[in-house]
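Hi everyone, thanks for coming. I'd like to walk you through one structure today, and I'll keep it short. Let's get it up on the screen.

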Amino acid sequence: MKKTLALLAITLLLITNIFAQTIQSPDGQLQCIFELKDSIPYYSLTYKGKPVLYSSKLGLTIANGPSFMTGFISKDQQTSSFSETWNPVLGEVKSILNNYTELSVKLSQPRHNREMLVRFRLFNDGLGFRYEFPQQKNLNYFVIKDEETSFSLNGDHKAWWIPGDYDTEEYNYTTSQLSEVPSLFDKSYDGNASQTIVPMALQTPLMLKSGDGVYINIHEAALIGYAAMHVELDPKSYTLKSHLTPDAQGNKGYIQTPFNTPWRTIIVADKAEKILASKLILNLNEPSKIANTDWIKPVKYVGVWWQMFCPGQGSWSYTDIDNVHLGITDYKNLPPNKTHAANNTNVKKYIDFAARHGFDAVLVEGWNEGWEDWFGKSKEFVFDFVTPYPDFNPTLLNSYAQQKGVRLIMHHETSSSVTNYERWMDTAYRFMVNHGYNAVKSGYVGNIIPRGEHHYSQWMIDHFNRAITKAAQYGIMVNSHESVHPTGLNRTWPNAIAAEAARGTEYETFGGNNPDHTTILPFTRLMGGPMDYTPGIFQTRLDYYQPGDTRYVKTTLVKQMALYVTMYSPLQMAADIIENYERFPDAFQFIKDVAADWDDTRILSAEPGDHIIIARKAKGKDDWFIGGITDENPRTSNVELGFLDSNENYIATIYEDGKDAHYITNPQKYNIRKLAVTNKVKLQQKMAASGGFAISIKKASREEINNLKKRRRN
Ligand code: NOJ
Ligand code: CA
């Protein structure tokens, strides 16, 4: 009997081909185990000896052939370690350490005579892995039915999530335990944004926190040639499974070997601050493909923009939209709409303002023909991107701007007629170069043409990447709106200077952004790359423009200032109508001073959904800026200035919510005070409900400190 059992065990071992390989992060805190059990590949992850992911399945199903799920044997495994330091062109820090342990496992399916590799990179702050398909005789082309990667979480974590949607991320976040997602799922579509509901799927970056205080962030890196990923939740087992965006035919990807999928990323930390400091996603992207990056510069800009969102202040279209609806197409012979904002006089006013206050650029929307009837009709041809309205002169305005040391930013709203945009793209970029533009804000409002494609399907991912790489050839920086969640590609294509791909300030005028929104975004959307959030609204209540209007920006004025530090982007807009800055010149000074590109960043304190305090050192300067924000709860925070040079004196200018400030009842109340500080100083900063603080710190001489003290005494 014993003998038979032993024999059986050996035979089982042989057929099941159990194989396991373990790697550790450079600091030994994270451990990743790859296993082949019953010829199926699995991985698991532990942090400080505790499970983060239980044994989780790997693989893909194929629409036109056998799947990459089972029947594998391990052919070869290689482990190695890697360390480099690299300097981003634009960034939060001057140099980034890219240090990991790598395991690559070559799997073969003897029955189909095919091979697939799984490559793991384990960093001190998390894991990245991807599938690789070498070119081979039996695998030239295949169609993906779905990716079956799972993330088997070790508990009912708290999650900060937005619901699955193949076309938009423009949602407020819901905070709940994973087990509560089913009961909250339908409510999480707020009616405003939803284009394509994906049942029980959550969007990434997905932020999670375990009961024992481990923070986990799940996303993807280097999304190239592949559909974007959501994760489907099984609320009973707390398992997430990848869910790729389908194309018009329901397929998820057309692959030609050799091909590597994007990386799946799991960032892990015992402190929320470490999540925000992680550079894992950037590290998993390839180095810059642009050889000469001298022309890629941080951009602070104002724009003919917010006025279009404020009642009676401006419109994109040259004439009234009704003219087209009434069948009047000869609109050039009509008098212009009194509020057409992109007119020469108004644009000049914005250029003058930008020059006077040291901004780099002016965005102008509504400059080109088509806005009379652009929205929601799934029309193939709306814009040609080269025909200005009669009252906008691109030659004159660009030379006017450049005389004043300012650039204009082009606007390409594609109305999601992407085939049309693809046809015009070279012409449109050439038009920009010929007129002196070096940056474009592109937009993808509405349903995608080709019809049935989605914003996040493979065809569109290819389009977004084509738009960026082509722009690089023309020396153009791209800020794309309604584009796919960024995945760190700004390392490879630093001209992809920022993107929207989340609910930005515009939504304050249609539905509103929750007071906790910007305390969550850095943990979610911004994990993939910089966001053009468009902060800086000083006139938060819209009844200022139209009595009785109940809409308002759900922050205090000071919180709007703090966002320039807490929401990292090398492209930052001072979004308000410029007249409003003239009403608050002392507060506006902070927006004028704050940098957009940094040598150093310290995440001083953070908790998703509650508060964020960040200090950053301006690129090539000794100036520091601190931003602090809170959700709907007022709070007092300690801010230690230990990051300042020792034995140096500084003057801090502190912009803080005034007494009784409140985001609803008293948003514009603020104080400004100056203080002599050193690296020993601990500040206690109060923040109002949905308020914050902004601090600028400059080195000061003895004399300047004495003068300040004298002034304070008097
Ligand atoms: C949506 C963008 O997010 C917004 O910034 C832009 O003004 C409109 N589309 C019009 O293109
Ligand atoms: Ca948008």
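Let me start with the calcium ion, ligand 2. Its protein donors are carboxylate-side oxygens labelled OE, from Glu170, Glu482, Glu500, which appears twice, and Glu506. They sit 2.2 to 2.6 Å from the ion. Please keep in mind throughout that this is a predicted model.

What is the geometry of the site? With six donor atoms and angles among them of 51 to 165°, the site is irregular. Along the chain, the donors follow the spacing E-x311-E-x17-E-x5-E. Glutamate 170 is in the loop between β13 (163–165) and β14 (174–177), while glutamate 506 is in the loop between β28 (498–499) and α10 (517–520), so this pair ties together parts that are 336 residues apart in sequence. And are these two glutamates buried or exposed? Glutamate 170 and glutamate 506 are buried.

Now, on to the salt bridges. How many does the structure hold? The count is 37, and I've picked out a few for you.

Here is one between helices. Arginine 356 and glutamate 582 meet through their side chains, with 3.1 Å from N to O. Arginine 356 belongs to helix α6 (residues 344–357) and glutamate 582 to helix α12 (residues 578–583), so to speak two distant parts of the chain, 226 residues apart. As for their surroundings, arginine 356 is exposed, at a relative accessible area of 52%, and glutamate 582 counts as partly exposed, at 44%.

Next, have a look at lysine 441 and glutamate 365. Their closest N and O atoms are 2.6 Å apart, in another salt bridge. This pair also links distant parts of the chain: lysine 441 is in strand β26 (residues 439–443), and glutamate 365 is in the loop between β24 (361–364) and α7 (394–403), 76 residues away. Both lysine 441 and glutamate 365 are buried.

The third pair is lysine 699 with glutamate 648, where the closest N and O atoms are 4.0 Å apart. For anyone wondering about that distance, the cut-off for a salt bridge here is 4 Å. Lysine 699 lies in strand β37 (residues 692–699) and glutamate 648 in the loop between β33 (635–640) and β34 (650–657), so parts 51 residues apart in sequence are tied together. Both partners are partly exposed: lysine 699 has a relative accessible area of 29%, and glutamate 648 has 31%. Elsewhere, salt bridges that share partners join Glu102, Arg119, Arg121, Arg130 and Glu132 into one network.

Let me zoom out to the whole protein. Its secondary structure comes to 14 helices and 37 strands. The radius of gyration is 27 Å, which agrees with the value near 27 Å that a compact globule of 714 residues would have. Along the principal axes, the C-alpha trace spans about 95 × 70 × 50 Å.

How much of the protein is buried? Buried residues make up 62% of the 714. The accessible surface comes to about 27,100 Å², and carbon and sulfur atoms account for 50% of that. Finally, a number on contacts: among those between residues at least 6 apart in sequence, 71% join residues at least 24 apart.

That's my tour. Thanks for listening, and I'm happy to rotate the view for anyone who wants another look.

Definitions and conventions
Residues are numbered from 1 along each chain as its sequence is written. Chains are lettered from A and ligands numbered from 1 in the order in which they are written. This is a predicted model: local features need pLDDT of at least 70, side-chain atom pairs count only at pLDDT 80 or more; totals for chains, interfaces and linings use all residues. Side-chain values use heavy atoms; hydrogens and water are left out. Donors are N, O and S atoms within 2.8 Å of the metal (3.2 Å for Na, K and Ca); water is not among the atoms, so sites may look incomplete. Four donors count as tetrahedral if all angles lie between 85 and 135 degrees; four count as square planar and six as octahedral if opposite donors are over 155 degrees apart and all others between 65 and 115; anything else is irregular. Helices (H or I, at least four residues) and strands (E, at least two) are DSSP runs, numbered from the N terminus. Buried means under 20% relative accessible area, exposed over 50%, partly exposed in between (1.4 Å probe, protein chains only). The radius of gyration is taken over C-alpha atoms; the globule rule is 2.2 Å times the number of residues to the power 0.38. Contact means heavy atoms within 4.5 Å. Accessible areas come from the Shrake-Rupley method with a 1.4 Å probe; for residues, only the protein chains shown count as cover.
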